[in-house]
Amino acid sequence: MGSRFKIAGLDDVMAGCCSQWSCQHQQRNKEVNVEKAKYSLTYAKHASALCLAPGLFRALRRGERQHAKLAVTYQYRDDCTIEISGPEPLGADDLRVLQGLIAIAGFSGLTLGSEPKTAEGRQLRESLQLTGLAVSNTSMMVKCSYRHLAREIGLTEGGRQLEGVKRCVERLWKVSIIVDDKGFRRGYRLLSHYAADTGRGQLFVALNPLIANAILGESQHVRISLAETRLLNGDNARLLHQRLCAWINPGRRRDVAVDTLCGYLWLEAVGPESVRKRRERLRAALAELEAIGWSVEEYAKERYRIGRPKV
């Protein structure tokens, strides 16, 4: 069969696991404006808890994935701790692909509740690898082509960039999340389910309940403009953009120290010369944000006032 394989019951699962579209999704689909006819998606509603996770997505050195791992533990709230782990660290390329999957889910995804009515839905639900209290949470499913995903996030639809998208999807699937909320623990994968027909270029993933609840408006979410992300060129700018979207509301400004901003990109301590180079790269990333409509003012030495455009 070569590289092609049949995903058993894939179309049946997509048709049968949910009996109807969410009314909220139907209304949202009517309101979406097509961007220059090339793109059909304008924003992603991401989970705040993941956008704020320090080091979940970060600037990577060449070859770092060959020896480093992902290990993040942080206090999301006073009574909520989140642990994230994976065999490889995640970079700006992974961030970009996840944003695209979330945007597609918000536009055309299907919800999968804790008690599906069909056999296909129940089979898929069992494959999501939810643990603890997460077994009762809602997930969302996305079926699309790799080309569609690449196009929506501003990449070419073939060659090395398309192969990179495939690698990102599998890297995202390998990431595990444990949420301890007031002593109640839930376990997820970043992508709860993953299947692909590489011959036809078709992709099928399920997003974990943290992300699904954000898309459905049932938990705190971060609205990320894909129109803005497509205009960014540098990895540092993309990483900084998502982090600042989680911290600054549309139309608002906030003050921040340069070293705080550097901490959004790099976690490990370095010497004075490396600190200087990091600050230079940070200023280049801020210049990219300014070029797409954000305001950036260095109002004091090593302190910035950053403003986010209105929606």
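**Exercise 1. State how many helices and strands the protein chain has, and how far the model can be relied on by its pLDDT.**

Step 1. The protein chain has twelve helices and 14 strands. The model is a predicted one.

Step 2. The mean pLDDT of the protein chain is 84. A value of 70 or more is reached by 79% of the residues.

Step 3. Residues 1-37 have a pLDDT below 50. In the model this stretch still has 63 contacts beyond near neighbours in sequence.

**Exercise 2. Describe burial and contact separation over the whole protein chain.**

Step 1. The protein chain has 311 residues, and 50% of them count as buried.

Step 2. Take the contacts in the protein chain with a separation of 6 or more. Residues 24 or more positions apart account for 68% of these contacts.

**Exercise 3. Characterise the largest pocket: its volume, its lining and the elements that supply it.**

Step 1. The volume of the largest pocket is about 840 Å³.

Step 2. This pocket is lined by 25 residues, and the closest to its centre are Arg65, Asp93, Arg167, Arg171 and Asp235.

Step 3. Two or more lining residues come from each of helix H4 (92-108), helix H7 (159-173) and helix H10 (235-247). H7 gives the most, with seven residues.

Step 4. Sorted by class, the lining of the largest pocket holds twelve charged, seven nonpolar and six polar residues.

**Exercise 4. Do the same for the second largest pocket.**

Step 1. The second largest pocket has a volume of about 300 Å³.

Step 2. There are 19 residues in its lining, and those closest to the centre are Tyr76, Arg77, Asp181, Leu210 and Ser219.

Step 3. The elements that each supply at least two lining residues include the strands E2 (70-77), E3 (80-86), E7 (176-181) and E8 (184-189). Helix H3 (48-51) and helix H8 (209-215) also each supply at least two. H8 has the largest share of this lining, four residues.

Step 4. The lining of the second largest pocket divides into ten nonpolar, five polar and four charged residues.

**Exercise 5. Locate Asn208, decide whether Asn208 is buried or exposed, and list the polar contacts of its side chain with the backbone oxygens of Arg189 and Leu190.**

Step 1. Asn208 sits in the loop between strand E10 (202-207) and H8.

Step 2. The relative accessibility of Asn208 is 0%, and buried means under 20%, so Asn208 counts as buried.

Step 3. A polar atom of the Asn208 side chain lies 3.2 Å from the backbone oxygen of Arg189. The side chain of Asn208 also reaches the backbone oxygen of Leu190, at 2.9 Å. A polar contact is a pair of N or O atoms within 3.5 Å, so each of these distances falls inside the cut-off.

Step 4. Apart from neighbours within four places in sequence, Asn208 is in contact with Ile177, Tyr188, Arg189, Leu190 and Ser192.

**Exercise 6. Find what is notable about the phi angles of Lys182 and Glu302, and give the setting of each residue.**

Step 1. Most residues other than glycine have a negative phi.

Step 2. Phi of Lys182 is near 55 degrees, a positive value in a residue other than glycine. Phi of Glu302 is near 60 degrees, and this too is a positive value in a residue other than glycine.

Step 3. Lys182 lies in the loop between E7 and E8. Glu302 lies in the loop between strand E13 (295-300) and strand E14 (303-307).

Step 4. Exposed means over 50% relative accessible area, so Lys182, at 60%, is exposed. Glu302 has a relative accessible area of 26% and is therefore partly exposed.

**Exercise 7. For Arg186 and Arg254, give the element, the accessibility and a residue distant in sequence whose C-alpha separation is known.**

Step 1. Arg186 is in strand E8. Arg254 is in strand E12 (residues 253-257).

Step 2. Arg186 is partly exposed at a relative accessible area of 22%. Arg254 is partly exposed at 36%.

Step 3. Arg186 and Ile82 are 104 residues apart in sequence, with 9.7 Å between their C-alpha atoms. Arg254 and Arg305 are 51 residues apart along the chain, and their C-alpha atoms are separated by 5.6 Å.

Step 4. Leaving aside neighbours within four places in sequence, the contacts of Arg254 are Trp247, Ile248, Tyr304, Arg305 and Ile306. A polar atom of the Arg254 side chain lies 2.9 Å from the backbone oxygen of Trp247.

Definitions and conventions. Residues are numbered from 1 along each chain as its sequence is written. This is a predicted model: local features need pLDDT of at least 70, side-chain atom pairs count only at pLDDT 80 or more; totals for chains, interfaces and linings use all residues. Side-chain values use heavy atoms; hydrogens and water are left out. On a 1 Å grid over the protein atoms alone, a cavity is a set of points where a 1.4 Å probe fits but cannot get out, and a pocket is an open set with protein on both sides within 12 Å along at least five of seven lines; lining residues have an atom within 4 Å of a point. Grid points are joined across faces, edges and corners, and a volume is the space filled by probe spheres set on the points. Ala, Val, Leu, Ile, Met, Phe, Trp, Tyr, Cys and Pro count as nonpolar, Asp, Glu, Lys and Arg as charged, and the others, Gly among them, as polar. Buried means under 20% relative accessible area, exposed over 50%, partly exposed in between (1.4 Å probe, protein chains only). A polar contact is a pair of N or O atoms within 3.5 Å; within protein, one must be able to donate a hydrogen and the other to accept it, and residues adjacent in sequence count only if both atoms are side-chain atoms. Contact means heavy atoms within 4.5 Å. pLDDT is the predictor's confidence in each residue, from 0 to 100.
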